[in-house]
Amino acid sequence: MAISGLGSHYISLFLYVVFATFLHKVQGQNLVTNNVSVVEGETAIISCRVKNNDDSVIQLLNPNRQTIYFRDVRPLKDSRFQLVNFSDNELLVSLSNVSLSDEGRYVCQLYTDPPQEAYADITVLVPPGNPILESREEIVSEGNETEITCTAMGSKPASTIKWMKGDQPLQGEATVEELYDRMFTVTSRLRLTVSKEDDGVAVICIIDHPAVKDFQAQKYLEVQYKPEVQIVVEFPEGLTREGENLELTCRAKGKPQPHQINWLKVDDDFPSHAVITGSDLFIENLNKSFNGTYRCVASNLVGEAYDDYILYVYDVLTTTPPPTNTTISAFQDSRADGAPQKIDHAVIGGIVAVVVFAMLCLLIVLGRYFARHKGTYFTHEAKGADDAADADTAIINAEGGHNNSDDKKEYYI
């Protein structure tokens, strides 16, 4: 029993040593590889790398477990596989002209006991064909909805489609159809309501796929819209007065270009001697009976629009110039400024205040002047009258006083 127990102990110790040696060997030889994505028709690089190799053999197997390379020897007779590099620590192989059939899991194998394996998955990318851009209508009228479709055919994986209108991103509705060999066709539909500002704007279909970059198609919108009408006064530049002439021009722009332009007078008969030449209206020798609203109407295949001009004829002798005539659009029923200019009472009040202030200042100055020169003074005309006993004596004394005036002399230089 003692011998049997001792033998069992030696066997356990031996197995432990063998397992430890194997574990150390396996951990010391790490086999590394990488997954590869490659576009169909291009070249894929498959690498098998070993850390701390102890002269163990490296080989590469295809998804069917067939040996492609055993060390630096190629048993497989597929010339698309070529040796790029071989050493004790690396086996590097290229696969050219990759096709969908090459997709799968490749095996890097290291001949140890037991063998080690690492796996490299090759994914083949198939870019879509040129995007196909179609629209339901080539020409759209403003305010209507149109639909544009963009199709990316035969891609792997499925493409993503984005839309732009000018610089504005738009959202389409995508459908994905799966074909053979995990190939996909994607169609996106874009619906939008157009305005006249969209005429000539590019709608862009952008294909997003890992096999291609900046793959897109675009279409320029063609939008028809009704005319935009504006009446321009060619003459006169200021007020319209009796006896003068009036010349108006109707400017109309639309898509398609307006094919008809008409002049009329709203709620009244047109002046008999008014002259219409194309888009121009000419009226000579104006008088007040011509007052009213004159309208220019332009039309094309989409619709019609108009602009109004309110005529007010002023008297020749008008001294206060009223505002000039104005035109009004089809969407505004405003009147021309015909009211005379109002007196600015604030200016008049300011002038009166300045005058009153100046008068007050003048009165103050005069009052101070008279106050400074106010006093008492005496004359000698009745000198001697104060000592007279009666009136006769006072007169005689006064005359005597005058006689004595000769005694005074005055000199003037």
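Four strands form an open sheet in this predicted model. Their order is β10-β12-β16-β15, and the pairing is antiparallel. Three disulfides are also counted, along with one cavity of 30 Å³ or more in the whole structure. A transmembrane region is annotated at residues 346-366 in an unreviewed UniProt entry.

**The open sheet**

- The edge positions belong to β10 (132-135) and β15 (173-178).
- Each of these two has a single partner strand, so one side of each is left without a neighbour in the sheet.
- From one strand to the next, the twist averages 15°.
- β15 pairs with β16, which spans residues 184-193.
- Six bridges join β15 and β16, and the two run antiparallel.
- Across this pairing, Glu 178 stands opposite Phe 184 in β16.

**Disulfides**

- The sulfur atoms of a disulfide pair lie within 2.5 Å of each other, and by this rule the count is three.
- One of the three joins Cys 48 to Cys 108, with an S to S distance of 1.7 Å.
- The link of Cys 48 and Cys 108 is left-handed, with -70° about the S-S bond.
- Cys 48 sits in strand β3 (residues 44-51), while Cys 108 sits in strand β8 (residues 104-110).
- The Cys 48 and Cys 108 pair therefore ties together parts that are 60 residues apart in sequence.

**The cavity**

- How many cavities of 30 Å³ or more does a search of the whole structure find? The search finds one.
- The largest cavity has a volume of about 40 Å³.
- Its lining takes in Ser 135, Glu 137, Glu 138, Val 140, Thr 146 and Ile 148, together with Lys 219, Tyr 220, Leu 221 and Glu 222.
- Which elements give two or more residues to the lining of the largest cavity? They are β12 (145-155) and β18 (212-220).
- β12 is also a member of the open four-stranded sheet, placed between β10 and β16 in the strand order.
- By residue class, the lining of the largest cavity divides into four nonpolar, two polar and four charged residues.

**The annotated transmembrane region**

- The annotation "transmembrane region" comes from the UniProt record, an unreviewed entry, and covers residues 346-366.
- In the model, the span 346-366 is 100% helix and 0% strand.
- The end C-alpha atoms of residues 346-366 lie 31 Å apart.

Note on methods: Residues numbered from 1 in each chain as written. Predicted model: local features only at pLDDT ≥ 70, side-chain atom pairs only at ≥ 80, totals over all residues. Heavy atoms only, no water. UniProt positions renumbered as here; feature names shortened; annotations may be inferred. 1 Å grid on protein atoms, 1.4 Å probe; cavity = no way out; pocket = protein on both sides within 12 Å on 5 of 7 lines; lining within 4 Å. Points joined across faces, edges and corners; volume = space filled by probe spheres on them. Nonpolar A, V, L, I, M, F, W, Y, C, P; charged D, E, K, R; others polar. Pairing = 2+ DSSP bridges. Axes fitted to C-alpha atoms, helices over the stretch in contact; angles between N-to-C directions.
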